[in-house]
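Dear colleague,

I am handing over the structure below, and after it I set out what was found on going through it. Please read the notes alongside the coordinates.

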Amino acid sequence: MTTTATAPARTSPAAGATPPRNDLPTIRYTLAQMRRSAGRLTAAGIAILIGTAFVAVTLIAGNVITRTTYDTVAARYADADVVVKTGADSWQQDVEAVRAVDGVMAAQPVLTGYLDLSAGGGRSYGEAFALPDDERLSPLRITDGAWPAARGEIAVPEQIAERLEIGVGDTVTVHGWEVTDPETGEGEETTEEVTVSGITEDLFKAYAASGGAVVAMPQDMVKWSDPPEVGEVFEVMAVLDPSVMSDGEPTAAIREALAAAVVSDGRPEVLSVDEHAAEISAEQTGGEDLVFLVFVLTFAAVALVVAGLVIANTFQVLVAQRTRTLALLRCIGAGRGQLYRSVLFEAFVLGALASLGGVVTGALLAQIALWVAPRFDLGVPLPSVVEPTPQVVLLPLAVGVVVTILAALAPAMNATRVAPLAALRPAAAPSLRQGAGRVRAVFALLFTLGGAGLLALAVLVLHDDPEYGLLVAVAGGALSLVGVIVGAVFWLPKVAAFFGRLTGASGPAAKLAAANTLRNPRRTSATATALLIGVTLIVTMATGAAAARATATTALDLQFPMDVMVGAGATDVPGDTASRVADAASVDAVAEIRTADGTFSDNGYVTLSAAAPDALRGAVRDAGEVDAIQPGSILFSPTALKEWGVEAGERIEVKGPGGKLPLTIVVTESEAFTGFVTEADLAKVAPEAELTQVWASLADDADPASGLAEVQEALNDDGLMVLGLAAQRAQFEQVINLMLGIVVGLLAVAVVIAVIGVTNTLSLSVIERRRESATLRAIGLSKSQLRGMLAVEGMLIAGVGAVLGIVLGLVYGWAGAATALSVMGEVTYPVPWVDLAVVLAVSLVAGLIASVAPARNALRASPVEALAAE
Amino acid sequence: MDTTVYVPADGTRAVRARALTKTYGAGEAAVHALDGVDVDFAAGQFTAIMGPSGSGKSTLMHLLAGLDTATAGQAFVGTTDVTALNDKGLTTLRRDRVGFVFQQFNLLPMFTAEQNITLPVQLAGGTVDREWFGTLVRTLGLTERLTHRPAEMSGGQQQRVAIARALIAQPDVVFADEPTGNLDSRSGAEVLSFLRRSVRELGRTIIMVTHDPAAAAYADRVVLLADGRIAGDISDPTPESVLAGLDALRTLEPSVATGTTPVVPEAGLR
């Protein structure tokens with residue numbers, strides 16, 4: 001775009017040109033109109049408020065994370081003024097060189113690592129750094145004892161001292177690993193006894209994430225942890241004389257001097273500590289933090305889409321209610337454009353006010369979280385006050401306004417369609433245009449079918465490729481969901497009619513409610529759709545999680561049918577292992593597995609295993625496989641069949657150290673049972689088969705993790721390998737449940753907004769039907785019947801949205817499971833009944849609650865109003 | 001205060017008002033919409049309440065029907081003191097013993113004519129008396145319209161459905177508020193003759209509020225109201241006698257300001 005000096009000429013008034021466009025009356029009219037509809041707009045505004053508050057909180061959380069990273073990084077450099085980054089090849093000379101530069105008061109290499117410490121029976125792992133020469137360069141303080149004064153001394157944080165039960169003057173062992181053969185990388189463990197010289201305190205939370213830090217002499221740090229390696233970035237931090245600082249920043253001259261002083265390869269970088277911390281936190285913000293932000297913002301987007309639906313619905317009704325006024329305005333000369341702009345201006349004001357409220361609410365919520373958070377020891381230095389950056393304020397504001405205006409576009413268009421003549425007609429009940437266009441039908445059909453097609457493609461063709469399969473399934477799901485939402489107006493009322501007939505049988509109030517639900521199909525479907533979106537996504541997640549849980553459990557069960565397995569590690573399995581394991585309190589049953597190597601055909605290899613059938617049956621989760629072990633047969637998993645090119649039912653001759661035996665192959669689904677034969681058969685081919693594994697099952701009520709610990713304690717032998725498969729299963733389940741909980745929590749916001757939509761719709765219906773409610777009251781509808789009617793109406797709308805959402809969610813969840821989980825083995829398609837029941841119940845209760853306020857309003861209508869003339 | 005009780009010429013009383021008073025506002029700004037009205041309405045009769053705008057005729061009807069609460073006095077439907085009932089009692093009264101016909105018809109748009117007619121019985125949880133339903137539908141000429149929704153019917157037809165709805169529960173009394181106000185004169189005449197037939201052939205009691213002398217002439221008796229008080233009583237009215245009665249009221253208008261409106265001498269109207 002160009003600007004020229006002649007621009008002012010444009011503004012000179014030209015007589016007889018286009019009349020000046022003056023929207024001031026429109027604005028005044030719009031604001032007056034908004035005051036009249038304040039109640040209705042408030043409900044719609046809350047939807048936007050929640051959505052924008054969601055966005056604001058997410059952005060603030062992002063900022064807090066960045067800020068925390070920054071503070072942690074900055075704290076680690078204590079009172080240093082400058083960080084010199086260089087190559088690590090001559091790091092020791094670099095430190096000396098920096099110290100020699102004029103204006104440097106103290107300098108210290110940044111040497112950190114992890115130390116493996118033990119004392120008495122305890123063992124602990126702690127972050128450590130080299131003791132600085134100058135106290136100003138240490139982020140820690142000593143609370144007890146002194147800093148290490150010589151090699152072989154360390155200072156430990158309170159937390160480690162407590163865990164190892166040590167104090168100043170006590171001895172601890174530092175465990176290291178020394179590579180003895182650089183070729184193979186083999187080495188041996190080293191230990192060194194050191195003395196605790198003091199206890200450190202992490203006042204500035206520089207090492208809060210690790211629970212404080214161990215401090216050792218630099219020479220010891222280099223010895224115990226990996227020294228700086230060539231090619232890595234090495235840092236020297238330094239305290240500068242105030243004479244080489246300006247405004248708290250190092251001067252350009254000292255920066256140049258420092259850069260020139262270092263000798264290592266690579267271009268040295270000289271940064272102030274602030275710059276360095278900002279750089280590191282920016283790196284993190286662009287990486288993992290960004291992923292987190294995008295993830296959470298996706299849910300904020302869902303919430304905003306739902307809010308948009310609620311807004312669109314509200315404006316449709318507002319326009320319908322104002323038909324007469326709009327027509328009157330047209331009669332007295334208002335142009336279509338003015339009415340269009342008036343509605344959009346209204347949306348703008350609503351969006352701006354609500355978004356502003358959202359930003360304030362979001363900031364308040366974040367502030368409350370920051371006030372509460374320090375009570376839980378989170379191990380990070382959280383800022384105490386929310387910092388309102390422009391991004392945090394402007395982005396939610398912009399998003400809220402844009403969503404509101406977009407939602408109001410169609411209603412604004414409707415406003416322009418009001419004919420001036422409508423003002424002259426007798427007042428009729430406001431009605432929205434019934435039915436929907438053919439374009440909408442075509443779009444809905446294309447999206448739904450296209451999406452379903454992609455979904456089918458993902459499930460049927462791409463199920464072996466989880467990466468692309470899931471991508472295609474997500475795209476298909478999103479596409480078909482859009483189609484379903486766009487097309488909802490065509491079929492959702494019919495579903496509502498069906499449910500209405502079911503409920504209508506229960507009494508006159510329910511029958512009235514059912515009939516009311518169908519009066520305005522468009523509004524009912526829009527309201528139900530808002531809820532449907534949230535419910536669909538939640539049920540999709542719940543179903544996916546259930547499928548993942550079931551599939552993983554099945555896969556784990558097949559792979560590891562026992563709860564605990566003890567096998568040979570550094571030492572062989574001793575003969576008394578089984579009895580020791582059985583002594584553990586949580587252990588229910590144990591089985592001793594004896595194995596021997598066997599060969600078959602020309603190059604076939606199989607580990608022959610056998611155990612006492614009764615013991616084995618008790619030690620595994622599924623005894624079915626045990627029954628398959630019969631004399632003269634050997635179990636093979638499908639994978640083993642494929643590997644050796646044999647088939648089920650085939651007879652193979654197995655050779656062992658003690659002889660040959662023909663065996664028939666029987667298929668087992670479990671890898672763990674491959675090679676199992678009866679004890680007698682094993683004795684025939686390998687009379688001296690050794691005890692190699694002990695399988696155990698835990699009591700049903702035992703905690704898997706503590707059960708594992710008990711077994712380990714009972715064995716008291718580090719050389720044995722102990723696998724806690726029950727613990728693994730439990731952990732897996734925990735992870736899935738946690739993830740599901742987070743996702744459902746985030747989606748719940750969308751559901752809350754949708755419920756506000758239901759309230760809004762009911763309130764509008766109540767206002768519209770004021771005369772009708774009064775008539776019903778006049779002809780004998782009791783207050784409780786009126787209340788019941790609205791309750792049924794709310795529950796009907798919510799119920800329809802929930803039921804359809806559940807059906808869609810199940811389909812999407814299964815499709816997702818089919819594509820994402822097929823690599824884990826046979827996918828199971830469970831119906832998470834409990835989750836579904838909870839979703840349905842919550843939706844119905846929400847519908848019921850949504851009817852309370854509108855019902856109170858409706859009851860205020862006196863029967864006299866039915867008699868009043870217009 | 002006027003203590004004359006305006007009693008119908010014959011028959012038992014279906015509805016009575018005793019010192020019925022309704023005041024809006026208080027003190028200086030108090031408006032006496034109804035100022036101690038005593039009036040009886042006979043069962044099995046078609047009575048019209050007439051009067052100029054603001055005379056209190058609608059207020060009287062609201063109070064008699066239990067739609068509004070009285071400031072003082074009593075209103076009886078049969079022997080029930082309407083002014084003593086709570087909301088629940090009023091709801092039951094309206095459902096079982098009182099019927100309404102509105103100026104705006106007020107049919108439920110989503111229901112058919114038949115569903116609209118039977119709605120009060122369904123709200124009460126009762127079963128529809130098919131014989132009575134048939135009689136009503138035949139009398140009101142709705143046989144062909146039962147499956148139609150309000151939007152598919154003319155104003156007159158809608159009002160006939162509303163009348164059937166008011167009568168379905170066989171109430172003690174039906175209140176009609178300007179039932180012809182939204183109809184053209186032909187449909188209006190039709191509706192009024194149906195109302196009269198309901199009284200003569202079906203034995204119902206109807207009290208109608210109207211400001212149309214021609215409509216009032218369909219009634220058996222006209223009660224004139226002015227300034228919140230009974231101002232006249234006309235038996236077997238004709239449009240002319242009703243007009244004459246109204247004219248008599250109008251001549252009294254200047255005295256309204258003084259608040260000392262004398263009762264129109266009824267002898268002259270009888």
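**The contact between the chains**

In this predicted model, the contact between the two chains draws 24 residues from chain B and 21 residues from chain A. On the side of chain B that touches chain A, helix H2 (87-96) and helix H3 (113-123) of chain B each supply at least two residues, and the most comes from H2(B), which gives five residues. By character, the residues on that side of chain B divide into eleven nonpolar, six polar and seven charged.

**Confidence**

The model as a whole scores ipTM 0.76 and pTM 0.69. For chain B the pLDDT averages 84, and 89% of the residues score at least 70. The stretch to treat with caution is 254-270 of chain B, where the pLDDT is below 50, although in the model this stretch has 21 contacts beyond near neighbours in sequence. Where pLDDT is low, the predicted coordinates should not be read in detail.

**The sheet in chain B**

Four strands of chain B form an open sheet in the order E2-E1-E4-E5, with antiparallel pairing. Its edges are strand E2 (31-42) and strand E5 (80-81) of chain B, each of which pairs on one side only. Strand E1 (residues 13-24) of chain B is joined to E2(B) by eight bridges, and these two strands run antiparallel; B:Arg13, for instance, has B:Ala42 in E2(B) as its bridge partner.

**Helix H24 and the cores**

In chain A, helix H24 (residues 783-820) has 38 residues and spans 53 Å from its first C-alpha to its last, which is close to the 56 Å expected at 1.5 Å a residue. Of the 38 residues of H24(A), 31 are buried, so this helix is largely enclosed by the rest of the structure.

H24(A) also gives the largest share, 20 residues, of the largest nonpolar core, which has 219 residues. The residues with the most contacts inside that core are A:Ala303, A:Val306, A:Ala307 and A:Ile753. Which residues does A:Ile753 contact, leaving aside its neighbours within four places in sequence? They are A:Ala47, A:Ile50, A:Gly51, A:Ala303, A:Val306, A:Ala307 and A:Val310, so that A:Ala303, A:Val306 and A:Ala307 appear both here and among the residues with the most contacts inside the core. A second core, separate from this one, has 59 residues, including A:Val84, A:Val95, A:Leu117 and A:Met221.

With best regards

Note on methods. Residues are numbered from 1 along each chain as its sequence is written. Chains are lettered from A and ligands numbered from 1 in the order in which they are written. This is a predicted model: local features need pLDDT of at least 70, side-chain atom pairs count only at pLDDT 80 or more; totals for chains, interfaces and linings use all residues. Two residues are in contact if their C-beta atoms, placed from the backbone, lie within 7 Å. Ala, Val, Leu, Ile, Met, Phe, Trp, Tyr, Cys and Pro count as nonpolar, Asp, Glu, Lys and Arg as charged, and the others, Gly among them, as polar. pLDDT is the predictor's confidence in each residue, from 0 to 100. Two strands pair if DSSP finds at least two bridges between them. The expected span of a helix is 1.5 Å times one less than its number of residues. A residue is buried if 20 or more other C-beta atoms lie within 10 Å of its own, exposed if 12 or fewer, and partly exposed in between; C-beta atoms are placed from the backbone. A nonpolar core is a set of buried Ala, Val, Leu, Ile, Met, Phe, Trp, Tyr and Cys residues joined through C-beta atoms within 7 Å.
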